[in-house]
Amino acid sequence: WRADHDAGRESLLIAADNATVLELNTRVRTDNIATGRASAAGVDLVDGNTAGVGDRVITRDNNRALPDGKGGHIRNGDTWTITALGDDGSVIVTPAQAVSGQPCRPVRLPGGYVAEHVDLGYAITTQRVQSRTVDTTHVIATRGMSREHLYVALTRGRADNHAYTPLD
């Protein structure tokens, strides 16, 4: 996943459950701090993590009052990169993946919205990935993952889809 991400590919880590997603997001954040990809200082998120400048986040609530910088509004499932932190818990974000031909202005997400409706956005569950198409996927295939969820997860990548099976 890291190699794909660093090569500029839109890549997702996918897992069947929220606990694994939380662990993956935490591990990526820790790595980002250690390698200078993200700042250690940050804001508290609803998933219990912290996000700083350079981190990817995902919004979890539609909010028609918050513009998305492209003429629309903030939507559940939008992914962003944090470019600045406000003293009030707010963040300035830009879309994680630029849309070709569409100018995007930076967006300010208020501190209250961030604290209640924003998670780290490196890993997501199979339920949330259903409408997404990316360059590559990396799927943690664990016990309890149904074949339907595995199918969804392994059909999201345009170029490559990888499955990893943890062993006891």
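**Close-up views of the sheet and the nonpolar cores**

**View 1. Ile140 and its partner in the neighbouring strand.** Ile140 stands opposite Tyr164 in strand 13. Strands here are DSSP runs of E of at least two residues, helices are runs of H or I of at least four residues, and both are numbered from the N terminus. The model is predicted, and local features need pLDDT of at least 70, side-chain atom pairs count only at pLDDT 80 or more, and totals for chains, interfaces and linings use all residues. Residues are numbered from 1 along each chain as its sequence is written, and side-chain values use heavy atoms, with hydrogens and water left out.

**View 2. Strand 12 and strand 13.** Strand 12 (residues 134-140) runs parallel to strand 13, and 6 bridges join them. Val139 has Ala163 as its bridge partner in strand 13. Between these two strands the chain passes through helix 4 (residues 147-153), in a right-handed β-α-β crossover; right-handed means that, with the strands pointing away from the viewer, the path from the first strand over the helix to the second runs clockwise. Of the 7 residues in strand 12, 6 are buried (under 20% relative accessible area, 1.4 Å probe, protein chains only).

**View 3. The whole open sheet.** The sheet has 4 strands in the order 11-1-12-13, with parallel pairing; two strands pair if DSSP finds at least two bridges between them. Strand 11 (123-125) and strand 13 (157-164) are the edge strands, each pairing on one side only. From one strand to the next, the twist averages 25 degrees. Strand 1 and strand 12 are linked by 5 bridges in the parallel sense, and Leu12 stands opposite Thr137 in strand 12.

**View 4. The largest nonpolar core.** A nonpolar core is a set of buried Ala, Val, Leu, Ile, Met, Phe, Trp, Tyr and Cys residues joined through side-chain atoms within 4.5 Å. The largest one has 25 residues, of which Leu45, Val57, Val93 and Leu109 touch the most other members. Among the elements that give two or more residues to this core are strand 1, strand 7 (79-85), strand 8 (91-95) and helix 3 (111-117). Helix 2 supplies the largest share, 3 residues.

**View 5. The surroundings of Leu45, and a second core.** Leaving aside neighbours within four places in sequence, Leu45 is in contact with residues including Thr50, Val57, Val114, Val118 and Leu120 (contact means heavy atoms within 4.5 Å). Apart from the largest core lies another core, of 12 residues, including Val134, Ala141, Met145 and Ala153.

Methods
Axes are lines fitted to C-alpha atoms, for helices over the stretch in contact, and angles run from 0 to 180 degrees between N-to-C directions. Buried means under 20% relative accessible area, exposed over 50%, partly exposed in between (1.4 Å probe, protein chains only).
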